[in-house]
Amino acid sequence: MKLPASFYTRPDVVQLAQELVGKYLYTNIDGVLTGGKIVETEAYSGENDKACHAHLGRRTQRTEIMYQQGGVAYVYLVYGMYNLFNIITNVAGKADAVLIRAIEPEEGIEEMLLRRNMASIKPNLTAGPGVLSIALGINRNLYGADLTGNVIWIEDKGNIVPAASIAAGPRIGIDYAGEDANLPWRFWLKENKWVSRKK
DNA sequence: TCAAGGATGAACT
DNA sequence: GTTCATCCTTGAA
């Protein structure tokens, strides 16, 4: 079942990031279906989070989409070469988002190998936000894409993820954010080899 | 095995 | 000019 818009407009982005672990992310780019199970996420909050691009109402052409109502994609370029995929959440004007960091490949594996220029399937095919976007064909064409449409979406397959199998810890690569860098807002499936960084 | 460095562009100072 | 929500290659241990 495709997640409805009402899932994304809920106010607690941290809770939402945790619930997204175990859901399934799919893209349909040029008629090619690829996707898999989400195994790692991070929460970013517009209010009170220095790590967020839209912290305290910062507003640029790049971050404009973050102020929309939840349920759209925020794709942006980092370090000049990688597109990172975020889900905008909460109601309009809040700028909350969830970064998808890693998935466990399931659908369209051959196409993902082709996009990554890899010969055989290995954990680093989709472990990490930059390579994940390459494998799924995500680029800035999807900036602002509707997550309830038919190009990129998330499905709930009814599988239950016990809270005990989800680990929480500090987010990655945001040391500049001061004390907010220590917030345990990264969630991943314990003992899953498709997670981008262990521990 | 692991640390260092490069690629490359948008946003900020 | 500097920083950044990254990843891959290189060369030293």
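Me: Before we get going, what counts as a polar contact here?
Reply: A polar contact is a pair of N or O atoms within 3.5 Å. Keep in mind that this model is predicted. With that cut-off, a backbone N or O atom of Gly80 qualifies, since the distance to a base oxygen of DNA strand B is 3.3 Å.

Me: Which other residue has a backbone N or O atom facing a base oxygen of DNA strand B, and at what distance?
Reply: Strand B is surrounded by Thr60, Arg62, Leu77, Tyr79, Gly80 and Met81. Arg62 uses a polar backbone atom too, but its partner is a phosphate oxygen, 3.1 Å away. The base oxygen is approached by Tyr79, at 2.3 Å.

Me: How much of the strand B contact is sugar and phosphate?
Reply: Count the atoms of DNA strand B that come within 4 Å of the protein. Sugar and phosphate account for 55% of them.

Me: Over on DNA strand C, which side chain reaches a phosphate oxygen?
Reply: Gly130 also meets a phosphate oxygen, at 3.1 Å, but through a polar backbone atom. Tyr76 does use its side chain, though its partner is a base nitrogen, 3.5 Å off. The side chain with an N or O atom 2.9 Å from a phosphate oxygen belongs to Arg116.

Me: How many nonpolar residues are in the surface near DNA strand C?
Reply: That surface has 20 residues, with Tyr82, Asn86, Gly128, Gly173 and Tyr176 the closest. β3, β4, β5 and α4 each supply at least two residues. Five are polar and two charged, while the nonpolar ones number 13.

Terms used: Residues numbered from 1 in each chain as written. Chains lettered and ligands numbered in written order. Predicted model: local features only at pLDDT ≥ 70, side-chain atom pairs only at ≥ 80, totals over all residues. Heavy atoms only, no water. Near = heavy atom within 4 Å. Polar contact = N/O pair within 3.5 Å; in protein donor to acceptor, adjacent residues only side chain to side chain. Helix = DSSP H or I, 4+ residues; strand = E, 2+ residues; numbered from the N terminus. Nonpolar A, V, L, I, M, F, W, Y, C, P; charged D, E, K, R; others polar.
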